[in-house]
Amino acid sequence: MAILIIGEHDNAAIKPAVLNTVAAAQEIGGDIDILIAGYQCATAAQGAAGIPGIRKILMADAPHYAHALAENISALVVSIAKNYSHVLAPSTSFGKNVLPRVAALLDVAQISDIIKVESTDTFVRPIYAGNALATVQASDAIKVITVRSTGFDPVPIAGGNAAIESIAAQPDSGHSSMMGQELTKSARPELTAARAIVSGGRGMGNGENFKILEALADKLGAAVGASRAAVDSGFVPNDYQVGQTGKIVAPELYIAVGISGAIQHLAGMKDSKVIVAINKDAEAPIFQVADYGLVADLFQAVPELTAQL
Amino acid sequence: MKVLVPVKRVVDYNVKVRIKPDGSGVETANVKMSMNPFDEIAMEEAMRLKEAGIATEIVAVSIGGAQCQETLRTALAIGADRAILVETSVEVQPLGVAKLLKAIVAKESPIMVIMGKQAIDDDSNQTGQMLAALLNWSQGTFASKIRVKGATAEVTREVDGGLETVLLKLPAVVTTDLRLNEPRYVTLPNIMKAKKKPMETLTPEAVGVDVSPRLKVLKVQEPPKRTAGKVVKSVPELVEKLRSEAKVI
């Protein structure tokens, strides 16, 4: 058996979720190759080559791979997929965009968002916003799978020395092109890779008040997240959103501030190791999943907490 | 420009789902069902394109049992001109759905398919991308803004790091994210009007598509439960617990 991982990267470095995907691949077992398709992406390929236990890095370097457009990346993956029993990608906005296109072109089913490997063809995945776990068995010859990062501990990124092999690019499909990106710039860690997260909900009142969460996050070296209610109210951008339709996170410490705890939000964070809830409403459902609950006015409690750390 | 909007009937998002005692799935009998929220956003977006004079006709399509007629009536009440039900008792998986939609596209020749990015029951997030692949069309997933300009569409996408805008050549499949729009309320006069709009019924056999499942669900279980912990009385107590008990700070 051989496993191909579609390596997400920004042409300079691989994304942390690739390391969790490698961990899932190791549980399936077999030779593991990583595809790095990009433009001037040699540094990203070298980074991936540092992951221990990888057979080889396949690098496709062409201008039309610069922005990871699904139409082009999927055609490239399909051109090499027949050599593999499994094709994996992280369940990020990149993997979710590209991989179903690969599966359909191969005429196979995709297993989305696995959190556990039972055997080479059987996997566990959450359904209904994580309120149920389905064990599914795939019958297709090639298993196409997206991996939820929180289900697998990341492998290290140093110590390996995989060979880098250049592969031929496929022609540009011409279907789509990148017009522009507005990426949120932040010195804080990425939500999905952070050890600690401080999240705010509707109780924050407005976007300006998120400053008190940022101060706490900076003390903890944490990322800042938000509930859908806070995003819908326009307090913070959508890429802050933790939940069923946002990011799925499982940090060591999750501090939910002014978040009531709708099931859609819990779906995104209930696998966190330690959950702290700060809310003035003692009846809020968030307290039912919190390890430590503090019924208090967040505008007093959060600055006090920041000051004591 | 004709727009096709696929809509799925799912357990209403407010329902707390229960696992069947035999572990074969989730209880759907006597449970409130609704249109998948992302599909409602897709219907709304199609309506806005029609109101802007860009879309000329909106065709809603649903796949499933006869009860999906209700979901299609909702789509017609929002403003779809016609509806198509592909009736089947099989629980069709995303690849099968994409194949059926491809057959409907061949019959209807829309320039755009607008659909939800994921259904809130199986949370697969696959069908739109699969349909675009099978049709060899452009795809714009997780859209928070759509601007149609001649033979192209500019689609702003919600990605992990923020936003990106892609230029798609039409025809294209676009899947909707939450912030694309806020769906309108369905009014009573429109519900009455919807009853008179045409609805066609087809079957997978009639359109020549094999929808047999490729994934077998072996069992469905409850996730591990998280139990409520302690309520602390003050910030100093919280800090103390996080330091000495949880050891996370």
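In which sense, right-handed or left-handed, does α3(B) pass α4(B)? The crossing is right-handed. The model shown in these views is predicted.

**View 1. Helices α3 and α4 of chain B cross at roughly 50 degrees.** Helix α3(B) spans residues 94-108 and helix α4(B) residues 127-135, and their axes come within 8 Å. An angle from 35 to 65 degrees is neither roughly parallel nor roughly perpendicular, so α3(B) is oblique to α4(B). On the α3(B) side, the contact is made by Pro94(B), Leu95(B), Val97(B), Ala98(B), Lys99(B), Leu101(B), Lys102(B) and Val105(B). On the α4(B) side, Thr127(B), Met130(B), Leu131(B), Leu134(B) and Leu135(B) take part. By class, this contact has 10 nonpolar, one polar and two charged residues.

**View 2. Chain B meets chain A through 61 of its residues.** On the other side, 68 residues of chain A are in contact with chain B. The elements of chain B that give two or more residues to its side include the helices α3, α4 and α6 (235-245). Among the strands that do so are β7 (138-149), β8 (152-159) and β12 (215-221) of chain B. The largest share, eight residues, comes from β9(B). By class, the side of chain B that touches chain A has 32 nonpolar, 13 polar and 16 charged residues.

**View 3. Strand β8 of chain A pairs with β12(B) across the two chains.** Strand β8(A), residues 132-138, and β12(B) run antiparallel and are joined by six bridges. Thr135(A) stands opposite Lys219(B) of β12(B).

**View 4. An open sheet of six strands takes in strands of chain A and β13(B).** The order is β13(A)-β12(A)-β14(A)-β15(A)-β16(A)-β13(B), with parallel pairing. The edges are β13(A), residues 223-226, and β13(B); each has a single partner strand, so one side of each is left without a neighbour in the sheet. From one strand to the next, the twist averages 20 degrees. Within the sheet, β15(A) (residues 274-279) and β16(A) (residues 292-295) run parallel and are joined by four bridges. Ile278(A) stands opposite Leu294(A) of β16(A).

**View 5. Helices α5 and α8 of chain A pack against strands of chain A.** Helix α5(A), residues 210-220, packs on the sheet and touches β12 (196-200), β13 and β14 (253-257) of chain A. The direction of α5(A) makes about 175 degrees with that of β12(A). Helix α8(A), residues 298-308, lies across β14, β15 and β16 of chain A and runs at about 135 degrees to β15(A).

**View 6. Helices α2 and α5 of chain B pack at an angle of about 120 degrees.** The axes of α2(B), residues 68-78, and α5(B), residues 188-195, are 8 Å apart. That angle makes α2(B) oblique to α5(B), and the crossing is right-handed. Arg73(B), Leu76(B) and Ala77(B) of α2(B) make the contact with Asn190(B), Ile191(B) and Ala194(B) of α5(B). The residues of this contact are four nonpolar, one polar and one charged.

**View 7. A right-handed β-α-β unit is made by β4(B), α2(B) and β5(B).** Strands β4(B) (residues 57-64) and β5(B) (residues 82-87) run parallel, joined by six bridges. Gly64(B) has Glu87(B) of β5(B) as its bridge partner. Strand β5(B) also pairs with β11(B), residues 199-202, in the parallel sense over four bridges. There, Ile84(B) stands opposite Glu200(B) of β11(B).

Terms used
Residues numbered from 1 in each chain as written. Chains lettered and ligands numbered in written order. Predicted model: local features only at pLDDT ≥ 70, side-chain atom pairs only at ≥ 80, totals over all residues. Axes fitted to C-alpha atoms, helices over the stretch in contact; angles between N-to-C directions. Parallel < 35°, antiparallel > 145°, perpendicular 65-115°, else oblique. Left-handed = near helix turned anticlockwise from the far one by under 90°. Contact = placed C-beta atoms within 7 Å. Nonpolar A, V, L, I, M, F, W, Y, C, P; charged D, E, K, R; others polar. Pairing = 2+ DSSP bridges. Right-handed = clockwise from strand over helix to strand, strands pointing away.
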